[in-house]
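This report walks through selected local features of the structure shown below, moving from aromatic rings to sheets and then to two individual residues.

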Amino acid sequence: MVRPLPVYAVTRASGAELCVLAPPSLSPVLLVDGMSSWWCAIHGYSHPVLVDALTRQARDMAHVMFGGITHPPAVALARTLLQILPPPLECIFYADSGSVSIEVALKMCVQYHHSLNPISPKANVMTVLGGYHGDTWNAMSVCDPVTGMHSLYGSSLPARIFIPKPLTPFDAESLLPQDITALEEAFAEHGSSVAAFIIEPVVQGAGGMRFYSPLYLQLLRKLCTRHDVLLVFDEIATGFGRTGKLFACEWVPPDDEGKPIFPDIMTIGKALTGGMMTMGATIATRKVADVVSNGPSGCFMHGPTFMGNPLACAVANASCKLLLEGPWQARVRNIERLLKLGLEPAQKFQSVAEVRVLGAIGVVEVRRDVDMGEIQKRFVELGVWVRPFGKLVYLMPPFIVSEEQLRRLTDAVCAIVKDLPN
């Protein structure tokens, strides 16, 4: 890098705190973490249950190929996931990370339609502007082409079909006419050629930290079914309780017949292992898995070296059980309450365009892009770790954050954004 931003050395992490060697003296300082290390460390750091799961598994088997053989941690994790995933999603494919799970999902959609029609398969993908799905090749292709941080690669990436991002507010009683029109016109024009529609349910994460109406997904599901387009929900950032539901798709109301709404394929990652190991998973319905498996190839054509890694599976299973056996819903509700209370003063600042909160996500959108290096330094001086980007100063703390720690985070955000230019 020609002009690198300041980097802070972390020597250890425990609970909701990072021990940082703060310049200029490089003396150790404890910072309250408001980022959960990009939203994955929901249990905080060095949780004894996760550390124990990892070390126990390391003594038995750190890694083994996941081809022609299996192992107990992979089986145990699958059984745990099947208890909490929407019932139609029952075929699990382990991946190395969240981005890879997106690659797997998109390949699965293409192979599904190739199995149905090898001569002239549906192959393209449709999505909304403002989305973000990762940094690998096909994942980049379905990120917002302007705000998705990958515009440099635009001309080289597969050309996807983008439609306007959802505008209907999260708590609206009905969809805005422009959202209905955008969806219906897009499917009328492209429904016969696209294999899949991929979207982050309810929350657009790194593409803008926007919350939109679950009713949008209800209509989207209806149109995907009508046009034989596979619906993919990217729950990498939202899964495992972050929005107040175990999975964000649970916010979507039932269809006209009272049946629950679910995608054909879901991707998970980030909080899957509680931030201890890199891992993702792509989960499909039995119908999708059977069509893929019964096609000309006879199986799904993907097999990374570290898929189903025993260490990752063991700690992911421990993380899921730790979440499910604890009061995660009460914790997230309390975080939501305190975020609303603590960030409310920012609504009145001239520098602030909007404050929004959902579950354990708090966002202050300012009117101008922030100076990352300067604002990062000020947060460290106030004893917190917050990593803004663009116009967004946001918080996604670990679920185990204390009320006093959360107040420190919200107080710091308000103190800093108050002085930003408008």
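## Buried tyrosines and other aromatic pairs

In this predicted model, Y216 has a relative accessibility of 1% and therefore counts as buried, the limit for that class being under 20%. Y212, at 0% relative accessibility, is likewise classed as buried. A search of the whole structure finds 10 aromatic pairs, and one of them joins Y212 and Y216 in an edge-to-face arrangement, with 5.7 Å from centre to centre and 80° between the planes.

Elsewhere, W39, F389 and Y394 are linked into a cluster by ring pairs. The face of W39 is also covered by K270, which lies over it at 4.8 Å from the ring centre. A comparable arrangement involves K245, whose charged end sits over the ring of W251 at 4.9 Å from its centre.

## The antiparallel sheet 13-14-16

Strands of a sheet pair through backbone hydrogen bonds, in either a parallel or an antiparallel sense. Here, 3 strands build an open sheet in the order 13-14-16, with antiparallel pairing. Strand 13 (352-358) and strand 16 (392-395) each have a single partner strand and stand at the edges, so one side of each is left without a neighbour in the sheet. Neighbouring strands of this sheet are turned against each other by 10° on average, with direction ignored.

Strand 14 and strand 16, which run antiparallel, are joined by 4 bridges, and V364 has V393 in strand 16 as its bridge partner. Helix 10 (residues 328-343) packs on this sheet, where it touches strand 13, strand 14 and strand 16, and its direction makes about 165° with that of strand 13. Helix 12 (residues 403-417) also lies across strand 13, strand 14 and strand 16, running at about 170° to strand 16.

## The mixed sheet 1-2-3-15

A further open sheet is formed by 4 strands in the order 1-2-3-15, and its pairing is mixed. Strand 1 (9-14) and strand 15 (384-385) stand at its edges, and because each has a single partner strand, one side of each is left without a neighbour in the sheet. Strand 3 (residues 27-33) pairs with strand 15 in the parallel sense over 2 bridges, and within this part of the sheet D33 stands opposite W385 in strand 15.

Helix 12 packs on this sheet, touching strand 2 (17-22), strand 3 and strand 15, and its direction makes about 90° with that of strand 3. Helix 12 thus has contacts with strands of the mixed sheet as well as with strands of the antiparallel sheet.

## Two residues in their surroundings

R368 is placed in the loop between strand 14 (361-366) and helix 11 (372-381), and with 48% relative accessibility it counts as partly exposed. Not counting residues up to four places away in sequence, R368 touches G390, K391, P421 and N422. Of these, N422 is reached through its backbone oxygen, which lies at 3.0 Å from the side chain of R368. The C-alpha atoms of R368 and E354, which are 14 residues apart along the chain, are separated by 12 Å.

Q57, by contrast, is found in helix 2 (residues 48-60) and is buried, its relative accessible area being 11%. Leaving aside neighbours within four places in sequence, Q57 is in contact with A62, P73, P310, L311 and A314.

Conventions:
Residues are numbered from 1 along each chain as its sequence is written. This is a predicted model: local features need pLDDT of at least 70, side-chain atom pairs count only at pLDDT 80 or more; totals for chains, interfaces and linings use all residues. Side-chain values use heavy atoms; hydrogens and water are left out. Buried means under 20% relative accessible area, exposed over 50%, partly exposed in between (1.4 Å probe, protein chains only). Contact means heavy atoms within 4.5 Å. A polar contact is a pair of N or O atoms within 3.5 Å; within protein, one must be able to donate a hydrogen and the other to accept it, and residues adjacent in sequence count only if both atoms are side-chain atoms. Two strands pair if DSSP finds at least two bridges between them. Axes are lines fitted to C-alpha atoms, for helices over the stretch in contact, and angles run from 0 to 180 degrees between N-to-C directions. Rings of Phe, Tyr and Trp (its six-membered ring) pair if their centres lie within 6.5 Å; planes under 30 degrees apart count as stacked, over 60 as edge-to-face and the rest as tilted. A charge sits over a ring if NZ of Lys or CZ of Arg is within 6 Å of the ring centre and within 35 degrees of the ring normal.
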